[in-house]
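The following exercises concern the two-chain model shown below. Each task is followed by a worked solution.

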Amino acid sequence: MKHPVGYSAKPGLRATEYLPWVVALAAFFVLPDYLALGARILTYILFALSLDLIVGYAGIVTLGHAAFFGSGAYIAGVLSAKLGVNDPMLQLAAAGAGAGLLGLATGAVILRTRALAQLMLTLAIAALCLEVANKANSITGGADGLSGVTIAPILGLFKFDLYGKTAYLWCLASLLIGWWLVRRLVYSPFGASLTGIRDNSVRMQAIGAPVYLRLLLVYTFSALLAGVAGALLTQANQFVGLNVLGFEPSGELLVMLILGGVGRMYGAFVGPIVYLIAQDYLAKQFPEYWYFGIGLMLVLVVLFARGGLLGIVDAALARLRRKA
Amino acid sequence: MNAALETRALCKRFGALTVAEKINFRLEPGARHALIGPNGAGKTTFVNLLTGRLAPSSGQVLLAGVDITRLDAARRVKRGLGRTFQINTLFRNMSVLDNVALGVAERIGVAGGFWRPAARHAEVRDEAMALLASVGIADEAAREVNGLPYGKQRLVEIAIALGLKPKVLLLDEPAAGVPSLESERILEALAQLPTEMAILIIEHDMDLVFRFAARITVLVQGEVLCEGTPAEIGADPRVREVYLGERHV
């Protein structure tokens, strides 16, 4: 399902692209007991989508994307718990703007470097954010986390209920908008130029493209999306802990994306779904070594399916077509 | 009249190693000019100084009389300085059409758009197709560049550069690595370039140089040895000694 982007692509929606939304709606009705997990998955899909944009399309390497996710999560949390701003839309807007600004500021530095140096810088920035949240006890709650987050009804109409129905649909609607924006961007000339920068940045400069500016723009947008995803997680959980920041969630997200398939947009859907469901299941069945199952899955994918799980689907479909 | 491209006392040193020594060079408007020299003469370094991939240690680069020494590579392209690369520098996993379309989109200023799908920019697609047709590879538009024979990849290189509508075009060994039969097609493509475009070609294939260029500059160890018409250069004993002598006894 890896389709070319750019000037040769067919930009119209394909039938399979409706599938995630049908599944998500069906899950809402069929699995009412799993809506909390569902909302978590939806936020991680948005988070993974933001990562795919910079890693998969623009070729920026990062192990610190949680800096934006986490700052978005804390912005929403602090707004509610400390400042009494409980409107969910306002929180998302503030989280997106805050994380986007952080992306702009840090991107201006890290995008001047490449490869390993870039990786190290992103890691350092994520670690810094984690330490700031850890030390700023009075604002963030430090290691205890930030509780007392309350979310006002959406538009004053839809209350966040105990069963997580509203939260799930709220996350789903936000993801839908985020996905739509990402999709527009990927198929646009801007998206095509990102792919060009990933493939060959020297040539992009030689055709007159402002490479640094483009990268900075997409990095900022990606940070904004990640920030919104983080705020959604805060709203769904009505709690923020330090586990949204630092290296671990950044690495975990990258694992999800690789699992699903990098640079193909829907890898960002498949990865978090498989990873978080496996985590949920394995943690219940084998609480002591559930990470082993995740590790095994990743090793198998990296060894045998470089395109991730979606890559396997691609290969299988191609095979079927050849037989038919 | 201003030269299309000019350098004044251009120098480049890497530590103690001098790779460009006070190069004064003029490329006239509409010129068909070749730069030759033995391996390691600093030809590619000179091109990189002209295009802005390298910053000179001292000296100036002027494009149509305007000092562009301090502009980066992308800004020089915007001012009309295009180039091709010695080693294919293509977008390997993209279609041939996209390779050319990316450059066309940059030139006409739609490449930063993030809403309307790229594929619906008919003006970009049409122009890219026309460019591919002009170098004779329109049939390959939908193919991935990776799967293309090497000679045709060289033609894609040229089509990309032409899409920028440069006033000055630098061709860094356009026929490098191409079998002689196919280099004929490259020469054909070059012969059709608009006459008002000033062209500097760096090439090892002497046959191609002498057929294409009206003027030749010889570079040896980072310095200009001499400049003249093909006949003058061919007859110059110094050139024979340092360069041609190695090949044409």
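**Exercise 1. Identify the bridge partner of Leu63(B) in S5(B), then place the two strands in their sheet.**

Solution. In this predicted model, Leu63(B) has Val66(B) as its bridge partner in S5(B). The pairing concerned is that of strand S4 (residues 58-63) of chain B with S5(B), which is antiparallel and rests on 2 bridges. The next step is the sheet itself: it is open, has 4 strands in the order S2-S1-S4-S5 (chain B), and its pairing is antiparallel. Strand S2 (17-27) and strand S5 (66-67) of chain B are its edge strands, each paired on one side only. Finally, helix H1 (residues 43-51) of chain B lies across strand S1 (5-14), S2 and S4 of chain B and runs at about 65 degrees to S2(B).

**Exercise 2. Determine the strand order of the sheet of 6 strands in chain B, and state which strands form its edges.**

Solution. The order is S6-S7-S8-S3-S9-S10 (chain B), in an open sheet with mixed pairing. At the edges are strand S6 (81-84) and S10 of chain B, each of which pairs on one side only. Direction ignored, neighbouring strands are turned by 20 degrees against each other on average.

Two helices can then be placed on this sheet. H1(B) packs on it, touching S3, S6, strand S7 (168-172), strand S8 (198-202) and S9 of chain B, and its direction makes about 150 degrees with that of S7(B). Helix H5 (residues 150-163) of chain B also packs on the sheet, where it touches S6 and S7 of chain B; the angle between its direction and that of S6(B) is about 175 degrees.

**Exercise 3. Trace the mixed pairing through S9(B): which strands pair with it, and in which sense?**

Solution. Begin with strand S3 (residues 32-36) of chain B, which pairs with strand S9 (residues 215-220) of chain B in the parallel sense over 4 bridges. Within this pair, His33(B) has Arg215(B) as its bridge partner, and Leu35(B) stands opposite Thr217(B).

Next, consider strand S10 (residues 223-228) of chain B: its pairing with S9(B) is antiparallel, over 5 bridges. Here Leu219(B) is opposite Val224(B). S9(B) and S10(B) form a hairpin with 2 residues between them, and Gln221(B) in the turn has a positive phi of about 45 degrees.

**Exercise 4. Decide why S7(B) is described as largely enclosed.**

Solution. The criterion for burial is 20 or more other C-beta atoms within 10 Å of a residue's own. Since 5 of the 5 residues of S7(B) are buried, the strand is largely enclosed by the rest of the structure. Both of its faces are involved: Val168(B), Leu170(B) and Asp172(B) point one way, Leu169(B) and Leu171(B) point the other way, and all are buried.

The pairing of S7(B) completes the picture. S6(B) runs parallel to S7(B) and is joined to it by 4 bridges, with Gly82(B) partnered by Leu169(B). S8(B) is likewise parallel to S7(B), through 5 bridges, and Leu170(B) stands opposite Leu200(B) in S8(B).

**Exercise 5. Classify Leu187(B) as buried, partly exposed or exposed, and list its contacts beyond four places in sequence.**

Solution. Leu187(B) belongs to helix H6 (residues 180-191) of chain B. Because it has 17 C-beta neighbours inside 10 Å, Leu187(B) is partly exposed. Leaving aside neighbours within four places in sequence, its contacts are Leu208(B), Arg211(B) and Phe212(B). Of these, Phe212(B) is 25 residues away along the chain, with a C-alpha separation from Leu187(B) of 7.7 Å.

**Exercise 6. Test whether the end-to-end distance of H3(A) agrees with the expected span of a helix.**

Solution. Helix H3 (residues 66-81) of chain A has 16 residues, so at 1.5 Å a residue it should span 22 Å; the end C-alpha atoms lie 21 Å apart, which agrees. H3(A) is also mostly covered, as 16 of its 16 residues are buried.

**Exercise 7. Describe the side of chain A that touches chain B.**

Solution. The contact involves 27 residues of chain A and 39 residues of chain B. Helix H7 (165-187), helix H8 (189-199) and helix H9 (201-206) of chain A each supply at least two residues of the chain A side. H8(A) gives the largest share, 6 residues. By class, this side comprises 15 nonpolar, 8 polar and 4 charged residues.

Conventions: Residues are numbered from 1 along each chain as its sequence is written. Chains are lettered from A and ligands numbered from 1 in the order in which they are written. This is a predicted model: local features need pLDDT of at least 70, side-chain atom pairs count only at pLDDT 80 or more; totals for chains, interfaces and linings use all residues. Two residues are in contact if their C-beta atoms, placed from the backbone, lie within 7 Å. Ala, Val, Leu, Ile, Met, Phe, Trp, Tyr, Cys and Pro count as nonpolar, Asp, Glu, Lys and Arg as charged, and the others, Gly among them, as polar. Two strands pair if DSSP finds at least two bridges between them. Axes are lines fitted to C-alpha atoms, for helices over the stretch in contact, and angles run from 0 to 180 degrees between N-to-C directions. A residue is buried if 20 or more other C-beta atoms lie within 10 Å of its own, exposed if 12 or fewer, and partly exposed in between; C-beta atoms are placed from the backbone. The expected span of a helix is 1.5 Å times one less than its number of residues.
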